[in-house]
Amino acid sequence: MITVRVPAKVNVQLGVGGLRADGFHDLANVFFAVALGDEVTATAAEGVTLSCSGPDAAAVPLDDSNLAARAARLLAAHHGIADPGVHLHIAKAIPVAGGMAGGSADGAAALVACDALWQLDTPLPVLLELAAELGSDVPFALVGGVALGRGRGEILEPLAVEGTFHWVFAVAEGGLSTPAVFRECDRLREEAGTGSSDTDVPTPDADPALLAALAEGDPVALAAALANDLQPAALSLRPALAATLRAGTEAGALGALVSGSGPTCAFLVKDAEAAAAVAGALRASGTCRTAHATHGPVPGASVAG
Ligand code: ATP
């Protein structure tokens with residue numbers, strides 16, 4: 001039996017370029033791995049089967065569409081294993097459809113867990129290629145830490161970070177579909193008259209002030225540089241998130257933003273004490289389902305114990 005811990009991510013910068021002919025957007029995506037994460041346990045079994053526990057378990061598909069099952073099958077196919085056998089149990093703490101790449105995290109964890117269970121010793125560059133095939137956010141869940149993602153987010157460059165940053169995540173009732181949020185982003189750009197194609201919108205790049213704040217371990221500077229081009233679209237689809245962002249800011253957060261495509265909201269705070277206080281204030285505010293205090297960066301998917 002192999003248990004793998006895998007982090008959720010928050011995008012401290014999510015720059016979204018115009019819509020490309022292939023339907024994707026060019027991104028300048030600074031991923032940050034936080035300790036809030038899932039655990040995926042792989043046990044020898046016949047066929048590929050799944051189970052899931054945790055408060056959001058009912059929202060997780062247990063069929064072949066689950067990224068953990070797809071990862072197991074993809075790894076098996078790569079090694080020519082015709083009839084793979086594994087049971088994968090997902091202990092789910094990452095909000096589902098929350099903009100924290102929970103499904104991608106489970107895909108990365110399943111790659112690592114099955115690789116260990118089946119004693120395949122797949123080199124990391126190969127695991128990264130398989131991860132990119134599964135989805136744009138899966139490679140980052142393998143490497144963790146803080147990284148700049150280009151292209152669709154799958155071309156990763158690790159970034160230097162000093163120390164630990166403290167975060168609070170406010171979990172919303174229900175999820176948001178990532179494709180729907182990108183479509184709303186395009187629609188808002190059309191409505192504003194700026195155009196939404198990759199010839200209208202400049203290719204985004206990482207913000208030097210944000211990179212410096214990370215390298216210096218300066219939470220006040222990082223808070224000032226937090227930026228998410230999908231935030232207006234997430235707020236347009238879910239206007240109530242404005243009250244969540246306000247509640248965390250009023251409770252003392254240094255900075256606030258929607259996490260990825262939302263609807264989870266992320267708050268950067270000064271230290272662990274401030275995290276506990278802001279999480280408590282958010283839970284009491286009635287503007288979210290629950291709130292978690294956590295920290296990062298932490299490593300990517302790795303075998304526990
Ligand atoms: P991202 O931030 O990468 O856009 P997200 O965090 O918003 O993703 P996920 O939690 O990854 O969203 O789930 C999106 C959808 O993916 C779910 O609604 C579900 O149908 C499907 N899904 C597939 N595998 C999983 C999994 N292991 N855990 C959760 N959802 C999964």
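The structure holds one cavity of 30 Å³ or more, where a cavity is a set of points, on a 1 Å grid over the protein atoms alone, at which a 1.4 Å probe fits but cannot get out. This is a predicted model, in which local features need pLDDT of at least 70 and side-chain atom pairs count only at pLDDT 80 or more, whereas totals for chains, interfaces and linings use all residues. Residues are numbered from 1 along each chain as its sequence is written, and side-chain values use heavy atoms, with hydrogens and water left out.

**The cavity and its lining**

The largest cavity encloses about 40 Å³ of space, a volume being the space filled by probe spheres set on the grid points, which are joined across faces, edges and corners. Its lining, meaning residues with an atom within 4 Å of a point, is made up of P7, A8, K9, A33, M100, A101, D137, F140 and A141. The elements that give two or more residues to this lining are β1 (2-19) and α4 (138-143), and β1 supplies the largest share, three residues; helices (H or I, at least four residues) and strands (E, at least two) are DSSP runs numbered from the N terminus. By class, the lining has seven nonpolar, no polar and two charged residues, with Ala, Val, Leu, Ile, Met, Phe, Trp, Tyr, Cys and Pro counted as nonpolar, Asp, Glu, Lys and Arg as charged, and the others, Gly among them, as polar.

**The annotated residues**

An unreviewed UniProt entry places the feature "active site" at K9 and D137; such annotations may be inferred rather than shown by experiment. These residues span 129 residues in sequence, yet no two of their C-alpha atoms are more than 9.1 Å apart, so they gather at one spot. Both K9 and D137 are included in the lining of the largest cavity.

The table sets out their placement, with buried meaning under 20% relative accessible area, exposed over 50%, and partly exposed in between (1.4 Å probe, protein chains only).

| Residue | Location | Relative accessible area |
|---|---|---|
| K9 | strand β1 | 7%, buried |
| D137 | loop between α3 (124-134) and α4 | 23%, partly exposed |

Contact means heavy atoms within 4.5 Å. Leaving aside neighbours within four places in sequence, K9 is in contact with F31, F32, G99, M100, A101, D137, F140, S259 and G260, while D137, counted likewise, touches K9, F31, A101 and S104. The side chains of K9 and N11 are joined by a polar contact of 2.7 Å, that is, a pair of N or O atoms within 3.5 Å, one able to donate a hydrogen and the other to accept it, with residues adjacent in sequence counting only if both atoms are side-chain atoms.

Key: 1 Å grid on protein atoms, 1.4 Å probe; cavity = no way out; pocket = protein on both sides within 12 Å on 5 of 7 lines; lining within 4 Å.
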